[in-house]
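Colleague: Got a minute to walk me through this one? I have the sequence and the model up.
Modeller: Sure, here it is.

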Amino acid sequence: MDKEILESQFESKYNLYGNMLYKIAFLYFGNSYDAEDVLQEVFIKLLYASPSFKNAEHEKAWLIRVTQNKCRDVLKASERKNKCFDEFEKSDELKTENDVYLDVVKQVVALPEKYKMAVILYYYYDYSVKQISQILKISKSAVKMRLKRGREILKIELEDYKNEA
């Protein structure tokens, strides 16, 4: 395949999915450095080791799954169970946001990994339960349970804001 065509296709895919995948990785780590590293690895894998895709949705689901797996790998390798949010609070992505939003995002980042991806896909990207089950390769009832438990954790952690609404 012509190099210019390949570069054009790659750039098109990066423009289409890059922002979404970056945000997913950012929500995993709470910092832009790790998120950018994961994003780079995901797109290298897309360029050099991707399967044949049935359609755009299949490709998107594959990219989300690869991003999630890369994030897990980085977390395991660095053994960062307790995240430091100093850099997270200074991040350019959140400078214009209010404190409540920042606290909600912090709590989503701090969710157990099992619930985090379901919450991110459902609430940040408006995926349906069925779509999430396909992306994560789990049953619809498992997705619903992860969302329920994720909400319960967030409700407890964000209880201070209950009276402010």
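Colleague: Which residues are buried in α6?
Modeller: Y115, K116, M117, A118, V119, I120 and L121 are buried in α6. Buried means under 20% relative accessible area, exposed over 50%, partly exposed in between, with a 1.4 Å probe and protein chains only. Helices (H or I, at least four residues) and strands (E, at least two) are DSSP runs, numbered from the N terminus.

Colleague: Any ground rules before I go on?
Modeller: This is a predicted model: local features need pLDDT of at least 70, side-chain atom pairs count only at pLDDT 80 or more, and totals for chains, interfaces and linings use all residues. Residues are numbered from 1 along each chain as its sequence is written, and side-chain values use heavy atoms, with hydrogens and water left out.

Colleague: Back to α6. What span should its twelve residues have?
Modeller: 16 Å, at 1.5 Å a residue. The expected span is 1.5 Å times one less than the number of residues. The end C-alpha atoms of α6 (residues 113-124) are 16 Å apart, which agrees.

Colleague: And just after α6?
Modeller: D126 takes a positive phi of about 55° there.

Colleague: What about the core? Which residues have the most contacts inside the largest one?
Modeller: L21, I24, I64 and L121, in a nonpolar core of 41 residues. Such a core is a set of buried Ala, Val, Leu, Ile, Met, Phe, Trp, Tyr and Cys residues joined through side-chain atoms within 4.5 Å. α1 gives the most to this core, with ten residues.

Colleague: What does I24 touch?
Modeller: Leaving aside neighbours within four places in sequence, I24 is in contact with I64, T67, M117, I120, L121 and Y125. Contact means heavy atoms within 4.5 Å.

Colleague: Switching to rings. How many aromatic pairs?
Modeller: Six. Rings of Phe, Tyr and Trp (its six-membered ring) pair if their centres lie within 6.5 Å; planes under 30 degrees apart count as stacked, over 60 as edge-to-face and the rest as tilted.

Colleague: Why is the pair of F53 and W62 edge-to-face?
Modeller: Their planes are at 65°, so the pair is edge-to-face, with ring centres 5.4 Å apart. W62 counts as buried at 9% relative accessibility, while F53 is partly exposed at 23%.

Colleague: Which residues do ring pairs link into a cluster?
Modeller: F10, Y14 and F43.

Colleague: Last one: where does K116 lie?
Modeller: Over the face of Y28, at 4.5 Å from the ring centre. The rule needs NZ of Lys or CZ of Arg within 6 Å of the ring centre and within 35 degrees of the ring normal.
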